[in-house]
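Hi there,

Here is the structure I promised to pass on to you. Have a look at it first, and my notes follow below.

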Amino acid sequence: MDNALMIGLSRQLTLRREMDITANNIANANTPGFHVENLLLRSEAAPTATSQDGPDNLQYVDAWGVGRDFREGTLEFTGRPFDVALEGDGFFQVETANGDALYTRDGRFRIDNNGQLAASDGALVLDDLGLPIAVDPAQGTVMISEDGALVQNNAEIARLGVYRFENLGALEKTGSGRYAASEEAPADIAVEFQIRQGYVESSNVQPILELTRMIETMRAYESVSRFISQGEELSRKAIERLGRV
């Protein structure tokens with residue numbers, strides 16, 4: 001296949017992936033705790049098509065991975081007693097229905113039908129010992145301190161588990177604003193944080209920037225499409241001229 005065509009196609013593939021990521025950012029602009037993502041690219045050498053002259057290899061563009069911006073979003077006041085937001089380093093730990101322990105910045109919590117603190121989708125919120133948190137509404141209002149202690153009737157009934165990761169880039173995204181730890185990213189107890197009761201952390205997506213990036217990606221895709229079409233036209237004309245010789 002023609003070298004120019006291969007270069008153009010490799011760029012189009014990454015532009016399509018970039019468009020998907022940008023669209024996902026925009027779709028999650030109002031999702032609490034969501035972190036904006038960007039496509040990471042790299043050049044990759046590959047042999048050229050057979051020719052008598054020209055370079056021995058060319059550099060194609062390839063998607064290397066997805067980078068996430070873990071900077072905090074703004075805090076939005078909700079007034080709900082079990083909504084909590086993290087200021088500083090850390091993630092909450094939740095346990096899904098299949099027993100997996102995941103980590104999130106989304107602090108929209110509630111009390112489920114079993115009297116346990118749970119996320120909006122029912123995943124159990126875990127304490128600093130990795131256990132579910134039981135709350136008896138009959139015992140009165142629950143206050144959540146800045147260090148994560150749940151206090152009811154002037155007595156601490158539990159403490160939210162807050163964890164940090166030295167290597168945030170090694171976290172595995174599982175969806176719904178949650179991440180799984182890995183061997184390259186083990187969880188440690190977080191220390192430098194503050195918890196704000198009655199608030200949630202908003203997404204750190206900036207919609208205007210993402211819309212601008214989407215327009216730039218569309219224009220780049222159209223430009224590459226024209227480049228490929230022009231290359232095909234040149235090849236066609238060259239073959240016609242050779243045929244007349």
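Let me start with one residue pair: Val-142 has Gln-152 in strand S11 as its bridge partner. Helices and strands here are DSSP runs numbered from the N terminus, with H or I over at least four residues for a helix and E over at least two for a strand. Two strands are called paired if DSSP finds at least two bridges between them.

Before going further, some ground rules. This is a predicted model, in which local features need pLDDT of at least 70 and side-chain atom pairs count only at pLDDT 80 or more, while totals for chains, interfaces and linings use all residues. Residues are numbered from 1 along each chain as its sequence is written, and side-chain values use heavy atoms, with hydrogens and water left out.

**The three-stranded sheet**

Val-142 and Gln-152 belong to the pairing of S10 with S11 (residues 149–152), which is antiparallel and runs over 3 bridges. S11 also pairs with S12, again in the antiparallel sense, over 4 bridges; there Leu-150 stands opposite Ala-158 in S12. Together they make an open sheet of 3 strands in the order S10-S11-S12. Strand S10 (142–144) and strand S12 (155–159) are the edges, and each has a single partner strand, so one side of each is left without a neighbour in the sheet. On average, neighbouring strands of this sheet are turned by 30 degrees against each other, direction ignored (axes are lines fitted to C-alpha atoms, for helices over the stretch in contact, and angles run from 0 to 180 degrees between N-to-C directions).

S11 and S12 form a hairpin with 2 residues between them. In its turn is Asn-153, whose phi is near 55 degrees, a positive value in a residue other than glycine. Asn-153 counts as exposed, because its relative accessibility is 53% (exposed is over 50% relative accessible area, buried under 20%, partly exposed in between, with a 1.4 Å probe and protein chains only). Ser-176, in the loop between S14 and S15, also has a positive phi, of about 60 degrees, although it is not a glycine. Ser-176 is exposed too, at 60% relative accessibility.

**Around Tyr-103**

Strand S5 (residues 91–95) and strand S6 (residues 101–104) pair in the antiparallel sense over 4 bridges, and Gln-93 stands opposite Tyr-103 in S6. These two strands form a hairpin with 5 residues between them, and Gly-99 in the turn has a positive phi of about 90 degrees. S6 pairs with strand S15 (residues 178–180) as well, antiparallel over 2 bridges, where Tyr-103 stands opposite Tyr-179.

What about the rings? Rings of Phe, Tyr and Trp (its six-membered ring) pair if their centres lie within 6.5 Å; planes under 30 degrees apart count as stacked, over 60 as edge-to-face and the rest as tilted. The count by this rule comes to 8 aromatic pairs. One of them joins Tyr-103 and Phe-165 edge-to-face, at 5.0 Å centre to centre and 85 degrees between the planes. This pair links distant parts of the chain, since Tyr-103 is in strand S6 and Phe-165 in strand S13 (residues 162–165), 62 residues apart. Tyr-103 is buried at 7% relative accessible area, and Phe-165 is buried at 4%. Both belong to one aromatic cluster with Phe-70, Phe-91, Tyr-163 and Tyr-179.

**Empty space**

Pockets and cavities come from a 1 Å grid over the protein atoms alone: a cavity is a set of points where a 1.4 Å probe fits but cannot get out, a pocket is an open set with protein on both sides within 12 Å along at least five of seven lines, and lining residues have an atom within 4 Å of a point. Grid points are joined across faces, edges and corners, and a volume is the space filled by probe spheres set on the points.

The largest pocket has a volume of about 150 Å³. Its lining includes Asp-69, Arg-71, Glu-72, Glu-210 and Arg-213, and helix H2 (residues 207–244) gives the most to that lining, with 3 residues. The whole structure has 1 cavity of 30 Å³ or more. The largest cavity holds about 40 Å³ of space and is lined by Thr-104, Asp-106, Arg-108, Ala-119, Ser-120 and Arg-178.

Best wishes
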